[in-house]
Amino acid sequence: MKIAIIGRNEILFETAKNLHAQGHNITCILTAKEAPEYKRKSKDFQALALKWNIPFAQGARIGRQIKFLQKQPADIAVSINYPGILPQPVINLFPYGVLNAHGGDLPRYRGNACQAWAILNGEKKIGLCIHKMIGGELDSGDIIARDYFPIDHNTKIGEIWAWMRRQIPNLMLRAIEKLSRDPHFILERQSRKVEEALRCYPRKPEDGRIEWKKSALDVLRLVNASNKPYAGAFCEFEGHRLIIWDAELVKSQEKICAVPGQITKIERGFVEVACGSGILRIKEFEKASTEKHQSSLNFSLRKRFH
């Protein structure tokens with residue numbers, strides 16, 4: 001099939017390479033300025049277009065790019081992480097429509113930061129859907145392919161991203177091959193009922209602030225939902241901001257009386273902290289400013305995290 005590539009990030013980059021390797025004709029690449037956490041930059045997409053000798057364009061306003069796409073006829077488009085929502089006139093340029101890869105079990109977990117919200121909400125799995133886009137709408141449209149990744153409170157968001165990086169290129173290829181055999185193929189029609197959907201909104205770095213009065217389980221979920229490649233969950237200790245990267249629940253029958261944030265145990269390689277309920281063992285952290293590890297900090301059972 002003739003395929004237009006629209007969007008950003010390393011997942012789209014690898015998807016484009018996989019489709020090209022499988023014999024599909026990539027007609028053009030439209031990208032935009034990358035987010036800080038993206039490993040593939042706009043210059044990488046430009047180099048790919050140059051290598052394949054195909055047209056390249058960059059810009060975050062899709063309305064200004066319609067003429068560019070019109071000049072590069074394609075059967076279908078693949079769009080991942082383009083900054084704006086595609087309007088229907090863009091969708092209509094492609095006879096087979098535009099496919100999007102979304103890390104959420106549609107129609108639940110539409111929108112932004114879905115993987116983080118799934119961890120925070122205590123889900124047992126995170127969905128990955130390849131779906132047809134509807135102009136002017138977010139994460140709606142018929143589902144062509146789907147997969148799942150099991151998660152729990154110990155799952156870090158980086159693990160989910162690694163799985164998505166591996167799966168999306170293959171799942172997108174599977175979806176395109178299904179449509180090439182049957183243009184009307186649909187795995188599932190996505191529900192239009194509002195009560196069956198779950199809309200997720202963006203999370204910011206400051207949302208990673210730890211509230212020790214919450215349960216140890218909730219704090220652990222925040223640590224894992226805010227993990228790399230993002231800014232990390234954080235707290236204050238004696239004027240320093242500490243970013244916590246790795247933690248685990250403490251299994252203990254001991255009953256304690258402690259103000260949340262109280263250091264309850266200090267051992268080589270970890271520190272334990274009382275929460276609103278339960279105790280959290282902190283195994284890896286750094287000072288936000290100097291990135292020095294726990295050896296540079298003076299912990300004591302008379303001190304607290306805030």
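A residue counts as buried when its relative accessible area is under 20%. That cut-off applies to Trp163, which at 6% relative accessibility is therefore buried. The structure in which Trp163 is found is a predicted model. Its average pLDDT is 92, and 97% of the residues score at least 70. Among the elements of the protein, helix α7 (residues 216-225) has the highest confidence, at 98, whereas strand β6 (residues 110-111) has the lowest, at a mean of 90. Over residues 291-295 the pLDDT falls below 50, and this stretch has eight contacts in the model beyond near neighbours in sequence.

The description may begin with an open sheet. Seven strands with mixed pairing make up this sheet, in the order β3-β2-β1-β4-β5-β7-β8. Strands β3 (56-58) and β8 (143-150) stand at the edges; each has a single partner strand, so one side of each lacks a neighbour in the sheet. From one strand to the next, the twist averages 20°. Within the sheet, β1 (residues 2-7) and β4 (residues 76-80) pair in the parallel sense over five bridges, and Gly7 has Ile80 of β4 as its bridge partner.

Helices pack on this sheet. Helix α1 (residues 9-21) touches β1, β2 (25-31) and β4, and its direction makes about 155° with that of β4. Helix α6 (residues 157-181) lies across β1, β4, β5 (98-102), β7 (125-132) and β8, and runs at about 155° to β8.

Aromatic rings provide further links, and the structure holds seven aromatic pairs. In one of them, the ring centres of Phe149 and Trp163 are 5.2 Å apart and the planes lie at 25°, so the pair is stacked. Phe149 belongs to strand β8 and Trp163 to helix α6, 14 residues apart. Phe149, like its partner, counts as buried, at 17% relative accessibility.

Another pair joins Phe237 and Phe305, whose ring centres are 5.1 Å apart with planes at 70°, so the arrangement is edge-to-face. Because Phe237 lies in strand β10 (residues 233-237) and Phe305 in the segment after β14, the pair ties together parts 68 residues apart in sequence. Phe237 is buried at 1% relative accessibility, and Phe305 is buried at 2%. Both belong to one aromatic cluster with Trp212, Phe285 and Phe299.

Strand β14 (residues 279-287) pairs in the antiparallel sense with β11 (residues 240-249) over seven bridges. It also pairs in the antiparallel sense with β13 (residues 270-274), over four bridges. In this second pairing, Glu272 has Arg281 of β14 as its bridge partner. The charged end of Arg281 sits over the ring of Phe270, 4.1 Å from its centre.

Terms used:
Residues numbered from 1 in each chain as written. Predicted model: local features only at pLDDT ≥ 70, side-chain atom pairs only at ≥ 80, totals over all residues. Heavy atoms only, no water. Pairing = 2+ DSSP bridges. Helix = DSSP H or I, 4+ residues; strand = E, 2+ residues; numbered from the N terminus. Axes fitted to C-alpha atoms, helices over the stretch in contact; angles between N-to-C directions. Contact = heavy atoms within 4.5 Å. pLDDT = per-residue confidence, 0-100. Phe/Tyr/Trp six-rings, centres within 6.5 Å; stacked < 30°, edge-to-face > 60°. Buried < 20%, exposed > 50% of the residue type's maximum accessible area, 1.4 Å probe, protein only. Lys NZ or Arg CZ within 6 Å of the ring centre and 35° of its normal.
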